[in-house]
Amino acid sequence: KTGFFFKLEDLFMVYVLPELLFNLEQLAPAWEKIRIKPNFILDEAKFTIPLPQGILSINLRGTKDNYSGSIEIPKNVDAEIILPNKTISASGEVINL
């Protein structure tokens with residue numbers, strides 16, 4: 001056989017992984033408004049997804065009590081980032097944690 005073949009379960013995991021790890025929610029059409037509320041269920045998690053406005057990149061390490069990393073929000077995307085000790089609003093910037 002040639003080509004790429006995926007099972008439905010594989011595609012399902014790609015779809016739900018951002019929701020499981022980061023509680024990534026689309027709050028407005030075309031991803032103009034999003035919410036991110038990391039779960040911190042892994043020691044390290046990285047995720048990059050192309051949005052119509054640009055690349056959304058999330059890179060987190062640690063636990064809910066002691067974490068670091070960065071979140072890059074594309075321009076023209078309003079993001080609410082809910083962390084254990086604070087909530088951040090951002091658009092078109094890199095948030096270093």
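User: What pattern does the chain follow, read along the sequence?

Analyst: In this predicted model, you go through α-β-β-β-β-β-β-β-β. That's one helix and eight strands.

User: How do I read aromatic pairs, and how many does the structure hold?

Analyst: The idea is to look at ring centres and plane angles: centres within 6.5 Å make a pair, and planes that are neither under 30 degrees apart nor over 60 count as tilted. Here there are two aromatic pairs. Take Phe-22 and Phe-47: their centres sit 6.4 Å apart with 45 degrees between the planes, so that pair is tilted.

User: Which parts does that pair tie together?

Analyst: Phe-22 belongs to helix α1 (residues 8–22) and Phe-47 to strand β3 (residues 44–51), so the contact bridges parts 25 residues apart in sequence.

User: Are Phe-22 and Phe-47 buried or exposed?

Analyst: Buried means under 20% relative accessible area. Phe-22 comes in at 1%, so it's buried, and Phe-47 is buried too, at 16%.

User: And what about the rings of Phe-40 and Tyr-67?

Analyst: Their centres are 5.2 Å apart and the planes meet at 35 degrees, so this pair is tilted as well. Phe-40 sits in the loop between β2 (33–36) and β3, while Tyr-67 is in strand β5 (residues 67–73), which puts them 27 residues apart. Phe-40 is buried at 15%, and Tyr-67 is buried at 16%.

User: How much of the whole chain counts as buried?

Analyst: Of its 97 residues, 30% do. As for the surface, the chain exposes about 6600 Å², with carbon and sulfur atoms supplying 53% of that.

Technical notes: Residues numbered from 1 in each chain as written. Predicted model: local features only at pLDDT ≥ 70, side-chain atom pairs only at ≥ 80, totals over all residues. Heavy atoms only, no water. Helix = DSSP H or I, 4+ residues; strand = E, 2+ residues; numbered from the N terminus. Buried < 20%, exposed > 50% of the residue type's maximum accessible area, 1.4 Å probe, protein only. Areas by Shrake-Rupley, 256 points an atom, 1.4 Å probe, with all protein chains shown as cover. Phe/Tyr/Trp six-rings, centres within 6.5 Å; stacked < 30°, edge-to-face > 60°.
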